[in-house]
Amino acid sequence: MAAIAGTGSDNETIHTAINFDDEPTRVASAIIAAFDHGSISSKKIALQFPDELLAISADVCRRLLGELTSRLAGLGPAAPPSLYILADTTFGSCCADEVAAAHVAADMLVHYGRSCLSRTSRLPVLYVFGRSPIDAVACANAVSAALQDGGGRHVLLMFDVQYHHAREAVAAELTAASGARVVVATIDDGVNRPGGAGEVASSSSGRAFRLPEGARLNEFTILYVGPQSLTLTNIVMTHSRNEVYSYDPTTKELALASSSANRLLMRRYALVQKARDADVIGIVVGTLGVVSYLPTIEHIKRLILAKGKKPYVISVGKPNPAKLGNFLEIDVFVLVACSENSFLDSKEFLRPIVTPYELQVALADADWGPSASGEYITDLVAVLDRVRASADAAVAAEEAGDSGDDDDADGEAHFSLATGKLKHHARYAWRSGGAAAGGASQDAPAEGQLVVRPAAGEVSTFVVSSAAADFLNHRRTYRGLDIEAEADVALAVDGRAGIASSYGEGTPSEKA
């Protein structure tokens, strides 16, 4: 079985077949080239499939094993590597699941189907997208009809992964039909090494491109070839100043996707205002494989603490309203995930969910990116630099500004655009002395640190406040049954006994 019917972002069936006929040959060649011939038999290769491709996973595995066996037989005596199918993913199926691959101590991961193309931190990854058919002439004609002045246009072509194979044909037809100057964004279909970014002039959503000399990106019209997906949403958000068109090869319809950019950005800006009002922030771990996710989490914690707020790090697998609804004391969540899974619609969640970039803007009082520079950042590597700089500045300001004065426990009030009222922030950091890096007092013990026992008659006072305890003591509406302090104490007596249909007074022995 080499072709299947895939599924879209909203679980709607895509009636275009995704073909994997030629992939076993390419994958086998890449695996053999990635390892030394003498040691390949001891290697373990993990094959990751999304749910919609699990039906063909066993057949793909058998064909790949046969291709490896035949190719290695022609190169000399060597057994093929061991192949393992990953039947489920820890987080989103678009990310390379290094955690599941670590369960079998895999040396390499082969990822099938849709992908966010995020760089990994530990394992080399080979992406296998498959191929869906596309009518390049129909695509070029639809785009050229929309571009009235096509001869003077710069067009940046971006493809969904399953249509990337047709990039040269579409580019040639579009150039001939419209006369536009076309730049094609390419996807690296070789083995991606951990943390490697490659030397490219520009990139967006894992797609690399090189602009002509003297050209600027905001001068280009972006054409995305593929169905509605999180990839398209990510492109629209990160290129809000560009005109973005999307062409769906299954319906052969062209749409202006950038028309929704302002509405999307307004929604995200409202979440930024709610994050600015938050006192307790939950850091939700949404990936365990994307490069820079750990440093990003650490610097987000530093920034939150330096601002006098309380962070909690939460790992619950794939987030859903039921899981995050258990943390009532948290005011806002920040999801550290890949560039596509970061845009989690939080309408059904009890608390808003923001991206690391939005939290950095909220806490650092930075200019809102799209209005300031035209950039909305979703890549964790780029966000890490901003968060680190904001955390360093906040810690330095805290150390310089807090000289040990016993000021008000609450932070400075600000006018909340989310509620229309003045907002006073609670301070959850150490406040008994000068604040050290990370928001802790220099004379207060850190968590897990040994403390000298005081002499007889001395009292030790700890001033650490807990957001969860504060919520339980003051804000939780139900605290159990109320106890009447003035009620007289009485001995317990026998009550009703028997079955539900005929209760009687007294004990069962007395009734008998």
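The accessible surface of the chain in this predicted model comes to about 25,900 Å², and carbon and sulfur atoms hold 51% of that area. Of the 512 residues, 45% count as buried. The secondary structure consists of 14 helices and 22 strands. Among contacts with a separation of 6 or more, 66% join residues that lie 24 or more positions apart.

**Helix packing around helix 10**

Helix 10 spans residues 356–363, and its packing against helix 7, helix 8 and helix 12 is summarised below.

| Helix pair | Angle between axes | Axis separation | Handedness of crossing |
|---|---|---|---|
| Helix 7 and helix 10 | roughly 55° | within 8 Å | right-handed |
| Helix 8 and helix 10 | about 25° | 11 Å | left-handed |
| Helix 10 and helix 12 | about 20° | 9 Å | left-handed |

Helix 7 covers residues 261–277, and its axis comes within 8 Å of that of helix 10. The two axes cross at roughly 55°, and helix 7 and helix 10 are therefore oblique to each other. On the side of helix 7, the contact is formed by Arg-268, Val-272, Ala-275 and Arg-276; these meet Glu-358, Leu-359, Val-361, Ala-362 and Leu-363 in helix 10. By class, this contact of helix 7 with helix 10 has 6 nonpolar residues, no polar residues and 3 charged residues.

Helix 8 runs over residues 293–306 and packs against helix 10 at an angle of about 25°. Angles under 35 degrees count as roughly parallel, and helix 8 and helix 10 are therefore assigned to that category. Ile-300, Leu-303 and Ile-304 are the helix 8 residues in the contact, and they meet Pro-356, Leu-359, Gln-360 and Leu-363 in helix 10. This set of residues divides into 6 nonpolar, 1 polar and no charged.

Between helix 10 and helix 12 the angle is about 20°, and the axes are 9 Å apart. Helix 10 and helix 12 are therefore also roughly parallel to each other. Pro-356, Tyr-357, Gln-360 and Val-361 in helix 10 meet Leu-380, Val-383, Arg-386, Val-387 and Ser-390 in helix 12. The contact of helix 10 with helix 12 comprises 6 nonpolar, 2 polar and 1 charged residues.

Several helix 10 residues recur in these descriptions. Gln-360 meets residues of helix 8 and residues of helix 12. Pro-356 likewise takes part in the contact with helix 8 and in that with helix 12. Leu-359 and Leu-363 belong to the contact with helix 7 and to the contact with helix 8, whereas Val-361 appears in the contact with helix 7 and in that with helix 12.

**Ser-390 in helix 12**

Ser-390 lies in helix 12, which spans residues 380–401. Its relative accessible area is 12%, and Ser-390 is therefore classed as buried. Neighbours within four places in sequence aside, Ser-390 is in contact with Leu-303, Gln-360 and Ala-364. One of these, Leu-303, is a helix 8 residue that takes part in the packing against helix 10. Gln-360 is among the helix 10 residues that meet helix 12.

**Loop residues**

Two residues that are not glycine have a positive phi. Ala-105 has a phi of about 55° and lies in the loop between helix 3 (98–102) and strand 5 (108–112). With a relative accessible area of 48%, Ala-105 is partly exposed. Ser-205 also has a positive phi of about 55°; its place is in the loop between strand 10 (202–204) and strand 11 (207–209). The relative accessible area of Ser-205 is 13%, so that residue counts as buried.

Two further loop positions are described by accessibility and by a C-alpha separation. Gly-179 is found in the loop between helix 5 (167–178) and strand 8 (181–184), and its 38% relative accessibility makes it partly exposed. The C-alpha atoms of Gly-179 and Leu-147 are separated by 10.0 Å, with the two residues 32 residues apart along the chain. Asp-22 occupies the loop between strand 2 (13–19) and helix 1 (23–34), and at 56% relative accessibility Asp-22 counts as exposed. Asp-22 and Gly-130 are 108 residues apart along the chain, and their C-alpha atoms are separated by 8.6 Å.

Note on methods
Residues numbered from 1 in each chain as written. Predicted model: local features only at pLDDT ≥ 70, side-chain atom pairs only at ≥ 80, totals over all residues. Heavy atoms only, no water. Axes fitted to C-alpha atoms, helices over the stretch in contact; angles between N-to-C directions. Helix = DSSP H or I, 4+ residues; strand = E, 2+ residues; numbered from the N terminus. Parallel < 35°, antiparallel > 145°, perpendicular 65-115°, else oblique. Left-handed = near helix turned anticlockwise from the far one by under 90°. Contact = heavy atoms within 4.5 Å. Nonpolar A, V, L, I, M, F, W, Y, C, P; charged D, E, K, R; others polar. Buried < 20%, exposed > 50% of the residue type's maximum accessible area, 1.4 Å probe, protein only. Areas by Shrake-Rupley, 256 points an atom, 1.4 Å probe, with all protein chains shown as cover.
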